[in-house]
Amino acid sequence: MSTLDRGPRQLAEAVLRALSLAVVDTPMPSALALFFDVLYEASFRTERGQPVRCSLLWQEPGTFRTVPFLPEELPLCGSYISFTSPIPFGTGSVLNLAKALDPQASALAVFGAEGLAPSIHGLVNYGADSSLSVPAKWEAQAGVCGSFRATIVGPAHISVDAGLDYPIELKRNTLRADSQSPLRRGPLRDRLAAALRGLPIEVRAQLTPEIAASPFLGVVAIPLKDGGVFRSEYDWAESLESLWVTTLARILLKVRENGGGGAVLITPRAADSPERAGRLQVPCALEFAGLQTLLQQRGAFWMERFVKTAKALSEQSQTELEIRPEEMALPEPDPRDGPVGSDHEINQAIAFIASLAQVEGILLLTPQLALGGFGALSTGEDGGKDVYLAGDDQASEANRSPVPAHAFGPRCSALLRQCSLDPEAIGFFLTQDSELRAMMQHEDQILVWDPVRLPRA
């Protein structure tokens with residue numbers, strides 16, 4: 001690697017700045033610089049014609065431990081296996097060990113102290129379903145599950161999760177450390193929120209009449225028999241909306257992981273609506289609400305457990321009993337033998353839907369994540385709306401810049417055309433090199449966010 005290539009060193013400096021905001025011991029600058037130099041060099045190598053992909057967790061061996069969480073003593077950080085003798089950290093050792101690891105489910109545990117070169121001291125396994133699980137689990141306990149996690153995504157492409165709301169990325173010598181995430185806030189998130197407003201009613205329909213009618217599900221103060229008051233402050237609309245939006249982000253992540261790019265159109269419009277009739281051909285039209293049903297059942301599971309726990313607590317003799325969201329964590333079903341709507345089933349549905357995006361054309365989903373078809377082709381003229389790049393999540397007018405519609409490729413232009421015709425639609429486009437764009441019609445303009453950072457759960 002040329003000494004004039006400052007990309008890895010700039011990445012090391014950005015990671016150090018991010019870690020300085022967290023309550024963790026920051027690595028030595030020299031050790032971190034060497035760490036990213038090695039990863040950058042390894043990213044250019046190929047194995048049987050395929051680029052190397054590997055994840056690494058920076059963690060001191062003596063502090064690695066598991067964290068208990070309900071309903072069982074499950075390891076938040078996964079299983080850790082230490083090597084009898086540390087392996088010297090270098091391009092050769094990373095390339096050799098990368099052959100045996102899934103970068104989404106496993107990682108090399110690396111550490112280097114002052115005066116000592118970094119070494120690989122163990123392996124971390126996050127489990128078989130980790131490629132579709134919450135991407136920030138290992139950062140949720142900074143200093144417990146590692147100071148940061150780095151992933152070789154592709155040639156000259158390294159992504160680092162350092163506890164921020166977004167990854168720090170080095171791609172083709174361009175450092176990206178911004179937080180533009182329209183799925184988290186702004187007009188795009190507002191449109192999804194409006195479309196998902198009826199989720200609490202849909203989920204309650206999955207409950208038994210007794211649970212559905214329970215006053216504990218409401219945000220009210222309930223008088224108790226002994227004269228006390230039970231106060232429930234849980235916002236089910238917000239929690240369920242977050243579940244659906246996070247699942248949408250996981251679909252997009254899986255499409256990215258599959259490679260080859262893809263186009264996804266989120267719209268509540270029926271196939272025979274004026275916005276789609278004659279303007280969008282769907283050769284592979286179908287109706288699949290499996291993922292939507294699983295998410296409804298997951299929400300119902302949360303509600304049922306909440307009611308039963310709240311009822312038990314309400315029988316305690318206290319003058320005033322308050323339950324806040326942070327005091328009453330929602331238990332997760334066991335993915336191995338839990339009820340319908342467990343992680344395993346949701347992961348399977350996500351993988352199935354994301355796989356269809358590999359077919360040339362547009363993947364159609366409703367905001368509730370029901371599948372309407374794939375391989376769709378845009379055949380009509382566009383709606384004549386001007387296209388603007390949004391400079392922030394809110395797409396504030398001062399940060400918009402015009403861009404010609406012909407600047408985008410055919411698949412992305414097809415999504416822009418559909419968003420121009422359908423004022424309720426949201427489009428997501430993944431390029432073949434894993435860049436994600438989002439687009440929608442807003443204030444009689446077509447807004448495009450590029451690139452998009454997917455939010456953490």
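**Exercise 1.** Determine which residue of β9 is the bridge partner of V160, and describe how β9 is paired and covered.

*Solution.* In β9, V160 has I168 as its bridge partner. The model is predicted; local features require pLDDT of at least 70 and side-chain atom pairs pLDDT 80 or more, whereas totals for chains, interfaces and linings use all residues. Residues are numbered from 1 along each chain as its sequence is written, and side-chain values use heavy atoms, without hydrogens and water.

Step 1. Strands (E, at least two residues) and helices (H or I, at least four) are DSSP runs, numbered from the N terminus; two strands pair if DSSP finds at least two bridges between them. Strand β8 (residues 157-161) runs antiparallel to β9, joined by 4 bridges.

Step 2. On its other pairing, β9 is joined to strand β10 (residues 174-176) by 3 bridges, again antiparallel. K171 has T174 as its bridge partner in β10.

Step 3. In a regular strand the side chains alternate between the two faces of the sheet. In β9 (residues 168-171), I168 and L170 lie on one side, E169 and K171 on the other, and all are buried (under 20% relative accessible area; exposed is over 50%, partly exposed in between; 1.4 Å probe, protein chains only).

**Exercise 2.** Which parts of the chain does the aromatic pair of F35 and F89 tie together?

*Solution.* Step 1. Rings of Phe, Tyr and Trp (its six-membered ring) pair if their centres lie within 6.5 Å; planes under 30 degrees apart are stacked, over 60 edge-to-face, the rest tilted. F35 and F89 are stacked, at 5.4 Å centre to centre and 10° between the planes.

Step 2. F35 lies in helix α2 (residues 29-42) and F89 in the loop between β4 (79-88) and α3 (91-98), so the pair ties together parts 54 residues apart in sequence.
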